[in-house]
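Subject: Structure handover

Hello,

Here is the structure you asked for. My notes on it follow below.

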Amino acid sequence: MSPDPTVQPVHPSVVAQVDAADTTLHNPQRAVIALGSNLGNRLETLQGAIDALEDTPGVRVKAISPVYETEPWGVEPGSQANYFNAVVLVKTTLPPSSLLERGQAIEEAFLRVRSERWGPRTIDVDIVAYQGVVSEDPDLTLPHPRAHERAFVLAPWHDVDPSAELPGHGEVAELLAAVGDAGVQARGDVELRLPE
């Protein structure tokens, strides 16, 4: 699909003014959320999760990565369908624990079943990083303890924020170069949209 010639890019100063005028968020924090789905209509489910995040008081979705198709992690090849993965950048006034509760509520709404580790799922909503917070809390370890070794998180995150850093691990670009992108393929034929 060719770009619409009547649509002009928004100047960064205008984006900054809009963000500054967003009075729904006071002292917002940046968070990185990874989404994954390998059951049902994967694209529709990812979009539904993004829309649900945007509908959350105190959360604003600011950027969405391209969609990646990835092989399941930690299971026999061919034993599960491939995942659609994406990374979402949000600004939020919710503390990490409340953002986690919201992510789990979204998983429940999409009938996520936790019957086996690395089992298939309708939706996975993971907080990868929250501002610069480092926490060993077993309920919500920040940053996500395995994000630095997972291309299905690093590749879309790098796309949406090329200068990103994973607290305690370094630049996302370097982490991605170290793990490689085998089994992770950009899907240019499908697209997620920012909620209106």
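In which strand is Gln-29 found? Gln-29 is in strand β1, which covers residues 29-37. I come back to Gln-29 further down, after the general points.

Please keep in mind that this is a predicted model.

Confidence and overall layout

The average pLDDT of the protein chain is 84, and 79% of the residues reach at least 70. Residues 1-7 are a stretch to leave out of any reading: pLDDT stays under 50 there, and the model shows zero contacts for them beyond four places in sequence.

The protein chain contains five helices and eight strands. Their order along the sequence is α-β-α-β-β-β-α-β-α-β-β-α-β. Of the 196 residues in the protein chain, 43% are buried. Taking contacts between residues at least 6 apart in sequence, 71% link residues that are at least 24 apart.

Helix α4 and its contact with α5

Helix α4 runs over residues 151-160 and is mostly covered, with eight of its ten residues buried. The buried ones are Ala-151, Phe-152, Val-153, Leu-154, Ala-155, Pro-156, Trp-157 and Val-160.

Helix α5 spans residues 172-179, and α4 packs against α5 at an angle of about 140°, the two axes being 9 Å apart. An angle over 145 degrees would count as roughly antiparallel; at about 140°, α4 is therefore oblique to α5. The crossing of α4 past α5 is left-handed. On the α4 side, the contact is made by Ala-151, Leu-154, Ala-155, Trp-157 and His-158. On the α5 side, Val-172, Ala-173, Leu-175, Leu-176 and Val-179 take part. Sorted by type, the residues of this contact are nine nonpolar, one polar and no charged.

Strand β4 against α4

Val-87 sits in strand β4, residues 83-92. Its relative accessible area is 0%, so Val-87 is buried. What does Val-87 touch, not counting residues up to four places away in sequence? The list is Val-32, Ile-33, Ala-34, Ala-63, Ile-64, Ser-65, Val-153, Pro-156, Trp-157 and Val-160. Among these, Val-153, Pro-156, Trp-157 and Val-160 are also on the list of buried residues of α4. Val-87 and Phe-152 lie 65 residues apart in sequence, and their C-alpha atoms are 9.1 Å apart in space.

Strand β5 and the loop after it

Ala-129 belongs to strand β5. With a relative accessibility of 4%, Ala-129 counts as buried. Beyond its neighbours within four places in sequence, Ala-129 contacts Arg-30, Ala-31, Val-32, Leu-142, Trp-157 and Pro-167. Val-32 and Trp-157 are also touched by Val-87. Ala-129 and Thr-141 are twelve residues apart in sequence, with 9.2 Å between their C-alpha atoms.

Strand β5 covers residues 124-130, and the loop between β5 and α4 holds Pro-143. The peptide bond joining Leu-142 and Pro-143 is cis, with omega about -10°. Gln-131 is in the loop between β5 and α4 as well. Although Gln-131 is not a glycine, its phi is positive, at about 45°. Is Gln-131 buried, partly exposed or exposed? Its relative accessible area is 40%, so Gln-131 is partly exposed.

Back to Gln-29

Gln-29 is partly exposed, with a relative accessible area of 21%; the limit for buried is under 20%. Leaving aside neighbours within four places in sequence, Gln-29 contacts Val-90, Lys-91, Thr-92, Tyr-130 and Gln-131. The last of these is the residue with the positive phi. Gln-29 and Lys-91 are 62 residues apart in sequence, yet 5.3 Å apart from C-alpha to C-alpha.

The end of helix α2

Glu-54 is located in helix α2, residues 42-54. The relative accessible area of Glu-54 is 16%, so this residue is buried. Apart from neighbours within four places in sequence, Glu-54 is in contact with Val-59, Arg-60, Val-61 and Pro-195.

Regards

Conventions. Residues numbered from 1 in each chain as written. Predicted model: local features only at pLDDT ≥ 70, side-chain atom pairs only at ≥ 80, totals over all residues. Heavy atoms only, no water. Buried < 20%, exposed > 50% of the residue type's maximum accessible area, 1.4 Å probe, protein only. Helix = DSSP H or I, 4+ residues; strand = E, 2+ residues; numbered from the N terminus. pLDDT = per-residue confidence, 0-100. Contact = heavy atoms within 4.5 Å. Axes fitted to C-alpha atoms, helices over the stretch in contact; angles between N-to-C directions. Parallel < 35°, antiparallel > 145°, perpendicular 65-115°, else oblique. Left-handed = near helix turned anticlockwise from the far one by under 90°. Nonpolar A, V, L, I, M, F, W, Y, C, P; charged D, E, K, R; others polar.
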